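Ready for a little practice in reading a structure? Take a look at the sequence and the model, then work through the exercises.

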Amino acid sequence: ETFVDYQTLLPYSYEIHVKESKQIRETRTFFDHDKLKAVMWDSKKKKGQKVEKKKVKWDLEPFSQNVFSAAYYLRNFTLKVGKELKVRVGHEGKNIVMTAKVLRRETIYTDLGKYDTFVVQPKFNIDGKFKPTGENYLWLTADDKKFIVRLESKIKIGSLVGEVQKLKP
């Protein structure tokens with residue numbers, strides 16, 4: 001969950017709630033864009049282990065997004081095949097750069113119908129090196145709204161796929 005200022009498009013907070021069979025994790029992060037400061041609180045409990053807690057503060061780069069808002073921030077740009085966009089991202093005490101490359105146009109079919117889309121591949125750069133996060137793809141509608149209608153992420157045990165189920169214009 002993330003909260004973004006409607007006018008500036010800057011995120012002010014985000015939360016991660018993870019409940020898996022072997023771990024429970026709660027993370028809260030706040031961005032102070034006026035002071036260019038960020039702080040993250042993290043609490044993690046793995047099965048059979050003590051709760052791990054940490055607090056991280058760091059200096060934020062101007063106009064930074066978070067890992068969730070960055071995908072939505074892309075919707076503000078004109079997309080065309082071959083275009084590459086760079087977005088600053090503040091995450092867990094680090095300032096990183098997300099590079100999003102528009103790979104191709106593709107027509108996809110969902111439960112809500114047919115969409116003409118741009119397929120975008122985000123990659124994360126930390127300390128001048130790309131961080132191997134697996135292959136990630138976003139499908140944004142090729143209209144003025146640029147809704148995210150599909151996402152795919154290749155992970156160690158397979159793939160995660162998310163597809164739009166409802167749109168509120």
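Here are three short exercises, each with a worked solution.

This is a predicted model, so local features need pLDDT of at least 70 and side-chain atom pairs count only at pLDDT 80 or more, while totals for chains, interfaces and linings use all residues. Residues are numbered from 1 along each chain as its sequence is written, and side-chain values use heavy atoms, with hydrogens and water left out.

**Exercise 1.** Work out where Glu-106 sits and what its side chain meets.

*Solution.* Start with the strand: Glu-106 belongs to β7, residues 94-110 (strands are DSSP runs of E, at least two residues, numbered from the N terminus). Next, check its cover: Glu-106 is partly exposed, at 24% relative accessible area (buried is under 20%, exposed over 50%, partly exposed in between, with a 1.4 Å probe and protein chains only). Finally, its side chain makes a polar contact with the side chain of Trp-139, at 3.2 Å (a pair of N or O atoms within 3.5 Å; within protein, one must be able to donate a hydrogen and the other to accept it, and residues adjacent in sequence count only if both atoms are side-chain atoms).

**Exercise 2.** Decide whether Thr-110 is buried or exposed, and find its backbone partner.

*Solution.* Thr-110 is also found in strand β7. With a relative accessible area of 11%, Thr-110 is buried. Now look at its side chain: a polar atom there lies 3.0 Å from the backbone nitrogen of Leu-112.

**Exercise 3.** How far apart in space are Glu-106 and Thr-117?

*Solution.* Along the sequence, Glu-106 and Thr-117 are 11 residues apart. From C-alpha to C-alpha, they are 5.3 Å apart.

Terms used. Helices (H or I, at least four residues) and strands (E, at least two) are DSSP runs, numbered from the N terminus.
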